Amino acid sequence: NPSPSTHTQASSVSSSLGSRQACELESKRPETMDLVNGALNWAAMPAMVASLLLFYPPYYLFKLCYSFLSYLFPDDLKRKVVLITGASSGIGEQLAYQYATKGACLALLARREWSLRQVADRAFELGAPDVIILPGDVADPDDCNRFVQATIDHYGRCKPVPVTANLV
Ligand SMILES: NC(=O)c1ccc[n+]([C@@H]2O[C@H](COP(=O)([O-])OP(=O)(O)OC[C@H]3O[C@@H](n4cnc5c(N)ncnc54)[C@H](OP(=O)(O)O)[C@@H]3O)[C@@H](O)[C@H]2O)c1
């Protein structure tokens, strides 16, 4: 059996070995970091240029083809029925004007009738062939049914494009 003094000697030897290894590691760490930094500096720029050369031409070609096709076949919203909630102000109002310039027929919904009338007048000026206003509250299920029914009754179509401009 090893005596307690042998244990103490062994542990002091191992601890001095451990601290020496730690010192060696410490002295090696800056060298390793320098190597990593150097490699990154050397590789980062060519990698960036290579990825740009690889991905940008196909992306640019895709964009070019897409805009050419959009020019040849523009979205045809002429006489499509667009039903817009929250159309008396803000996002809904601006959407109404955008669809009006594309020749869509509009059904405008909100609670304030007077504001809806103003939006409808401007939409006519911008090119909407037909605009109806539907004052009411979208929080009321009866009003919602009435909006859809009135749109179908007026335009004779049962598939309006619903555009929701407000979160209810
Ligand atoms: N503007 C932004 O930058 C932005 C950004 C992120 C999210 N949003 C969200 O987008 C939504 C619209 O924004 P906005 O700036 O266009 O707001 P807004 O100008 O206040 O317009 C809200 C529209 O919803 C109508 N409305 C509200 N409650 C209604 C109800 N119970 N029944 C029927 N119509 C109702 C209002 O008309 P009446 O009062 O006449 O009913 C109005 O036309 C909001 O929910 C907002 O939180 C906006």
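Mentor: A residue counts as buried if 20 or more other C-beta atoms lie within 10 Å of its own, as exposed if 12 or fewer do, and as partly exposed in between, with C-beta atoms placed from the backbone. Helices (H or I, at least four residues) and strands (E, at least two) are DSSP runs, numbered from the N terminus. This is a predicted model, where local features need pLDDT of at least 70, side-chain atom pairs count only at pLDDT 80 or more, and totals for chains, interfaces and linings use all residues. Residues are numbered from 1 along each chain as its sequence is written.

Trainee: Are the two faces of strand E2 buried or exposed?

Mentor: Take E2, residues 105–110. One side carries Cys105, Ala107 and Leu109, and the other carries Leu106, Leu108 and Ala110. Every one of these residues, on both faces, is buried.

Trainee: Which residue of E2 is the bridge partner of Ile84?

Mentor: Strands pair if DSSP finds at least two bridges between them. E1 (residues 81–85) and E2 run parallel, joined by 4 bridges. Leu83 of E1 stands opposite Ala107. For Ile84, the partner is Leu108.

Trainee: What is the handedness of the crossover from E1 to E2?

Mentor: A crossover is right-handed if, with the strands pointing away from the viewer, the path from the first strand over the helix to the second runs clockwise. The chain leaves E1, passes through helix H2 (residues 90–101) and enters E2. This β-α-β crossover is right-handed.

Trainee: How many bridges pair E2 with E3?

Mentor: E3 covers residues 131–135 and pairs with E2 in the parallel sense. Leu106 has Val131 as its bridge partner in E3. Helix H3 (residues 113–126) completes a right-handed β-α-β unit with these two strands. The bridge count is 5.

Trainee: How many residues of E1 are buried?

Mentor: Val81, Leu83 and Thr85 point one way, Val82 and Ile84 the other. All are buried. The count is 5 of 5.

Trainee: Why does Arg79 count as partly exposed?

Mentor: Arg79 sits in the loop between helix H1 (4–72) and E1. Its phi is positive, about 65 degrees, although Arg79 is not a glycine. Most residues other than glycine have a negative phi. Arg79 counts as partly exposed because its C-beta neighbours inside 10 Å number 13.

Trainee: How far apart are the end C-alpha atoms of residues 39–62?

Mentor: UniProt, in an unreviewed entry, places a "transmembrane region" at these residues, 39–62. Such annotations may be inferred rather than shown by experiment. In the model the span is 100% helix and 0% strand. Its end C-alpha atoms lie apart by 34 Å.
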